[in-house]
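Student: I should like to work through this structure by question and answer. May we begin once it is displayed?

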Amino acid sequence: MQWCPSSAIGPTSLAGTSWGNIRLLVAGAIIRSVTIERAGVLIIQGGRLALIERQWQGRRYWVIPGGGVEPGESVAEAARREAEEELGVPVELGALRVCIDHREEDGSVQRQWYFDATLRADDIRVVGPEKRSPYRGTYSAVWIGLDELDVGAIHPSAVAQFVAQYHGVWPAAFIEIDET
């Protein structure tokens, strides 16, 4: 465990070894989990969805491009930055389409925001820090046809389910998903 400054998350708080999941502790018991904000993009072009193919610890799966919101950054700024790091090209954000609250195995809650977005290029490739992280498996930017989506192998699967259900045409209403 590492001590966290009290101004960061509260008095006499500890942060776990993973800075991505901050928990407040009192006498060794978790009293509440802090929501971790993440943002991503849903890019559907030519009947295909842009995804990041991951291979890690013997598993192969896909993730929707996105990542953590940095201090002082809006969710829109984070979505744009993460998409550009993971896809290697500038993106133009559209409407905010989905918000999902997801409970992690350690009890923390991730709030994930997804915007629809467009690119001016078809040539996508990972260029961000993931490219330089050999201990976290491999990352490849790929296009998958909407008719070929394996929803169960895409994270978050609830968002992938909506992409498959609406076949890339979003309903007018904002979608909220609670998996806590």
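Student: Before the general description, let us take one aromatic residue: is Y166 buried, exposed or partly exposed?

Tutor: The model is a predicted one, and its values are computed from that model. The relative accessible area of Y166 is 28%. Buried requires under 20% and exposed requires over 50%, so Y166 falls in between and is partly exposed.

Student: Which residue forms an aromatic pair with Y166, and is the pair stacked or edge-to-face?

Tutor: The structure holds one aromatic pair. Its members are F162 and Y166, with 5.9 Å centre to centre and 10° between the planes. Planes under 30 degrees apart count as stacked, so the partner of Y166 is F162 and the arrangement is stacked.

Student: Where do F162 and Y166 lie, and how many residues apart are they?

Tutor: Both residues belong to helix α3. Their separation along the chain corresponds to about one turn of the helix. The spacing is four residues.

Student: Which residues are buried in helix α3, and what covers them?

Tutor: Helix α3 spans residues 157-166, and its buried residues include A158, V159, A160 and V163. The cover over the buried residues of α3 includes the strands β5 (35-45), β6 (48-56), β9 (91-103), β10 (109-119), β12 (154-155) and β13 (175-179).

Student: Which peptide bond is cis, and where is its proline placed?

Tutor: P156 is placed in the loop between β12 and α3. Most peptide bonds are trans. Here omega is near -5°, and the cis bond is the one from H155 to P156.

Student: At the other end of α3, which residue follows the helix, and what is its phi?

Tutor: The residue is found in the loop between α3 and β13, and its relative accessibility of 42% makes it partly exposed. Most residues other than glycine have a negative phi. The residue after α3 is H167, whose phi is positive, near 50°.

Student: What is the phi of Q57, and is Q57 buried or exposed?

Tutor: Q57 is found in the loop between β6 and β7 (59-63). Although Q57 is not a glycine, its phi is positive, at about 50°. The relative accessible area is 63%, and because the cut-off for exposed is over 50%, Q57 is exposed.

Student: Which strands pair with β5, and in which sense?

Tutor: β5 and β10 form nine bridges in the parallel sense. With strand β8 (residues 66-68), β5 forms three bridges in the antiparallel sense, and with β6 it forms two, also antiparallel. The partners are therefore β10 (parallel), β8 (antiparallel) and β6 (antiparallel).

Student: Which residues stand opposite G40?

Tutor: G40 has a counterpart in β10 and another in β8. In β10 the residue is Y114, and in β8 the residue is G66.

Student: In the hairpin of β5 and β6, which residue takes a positive phi?

Tutor: On the paired part of these strands, I44 stands opposite L49 in β6. The hairpin has two residues between the strands. A positive phi near 60° is taken by G46.

Student: Is E82 buried or exposed, and which side chain does it contact?

Tutor: E82 is found in helix α2 (residues 75-87). Its relative accessible area is 7%, and because this is under 20%, E82 is buried. A polar contact of 2.9 Å joins its side chain to that of R81.

Student: Which residue lies over the face of Y139?

Tutor: The distance to the ring centre is 3.9 Å. The residue over the face of Y139 is R54.

Student: What separates the C-alpha atoms of G107 and T180?

Tutor: G107 is found in the loop between β9 and β10, and at 19% relative accessibility it counts as buried. Along the chain, G107 and T180 are 73 residues apart. Their C-alpha atoms are separated by 9.1 Å.

Student: To finish with the whole protein, how many helices and strands are there, and what percentage of residues count as buried?

Tutor: Among contacts between residues at least 6 apart in sequence, 61% join residues at least 24 apart. The accessible surface comes to about 9800 Å², of which 51% belongs to carbon and sulfur atoms. The secondary structure consists of three helices and 13 strands, and of the 180 residues the buried percentage is 47%.

Definitions and conventions. Residues numbered from 1 in each chain as written. Predicted model: local features only at pLDDT ≥ 70, side-chain atom pairs only at ≥ 80, totals over all residues. Heavy atoms only, no water. Buried < 20%, exposed > 50% of the residue type's maximum accessible area, 1.4 Å probe, protein only. Contact = heavy atoms within 4.5 Å. Areas by Shrake-Rupley, 256 points an atom, 1.4 Å probe, with all protein chains shown as cover. Polar contact = N/O pair within 3.5 Å; in protein donor to acceptor, adjacent residues only side chain to side chain. Phe/Tyr/Trp six-rings, centres within 6.5 Å; stacked < 30°, edge-to-face > 60°. Lys NZ or Arg CZ within 6 Å of the ring centre and 35° of its normal.
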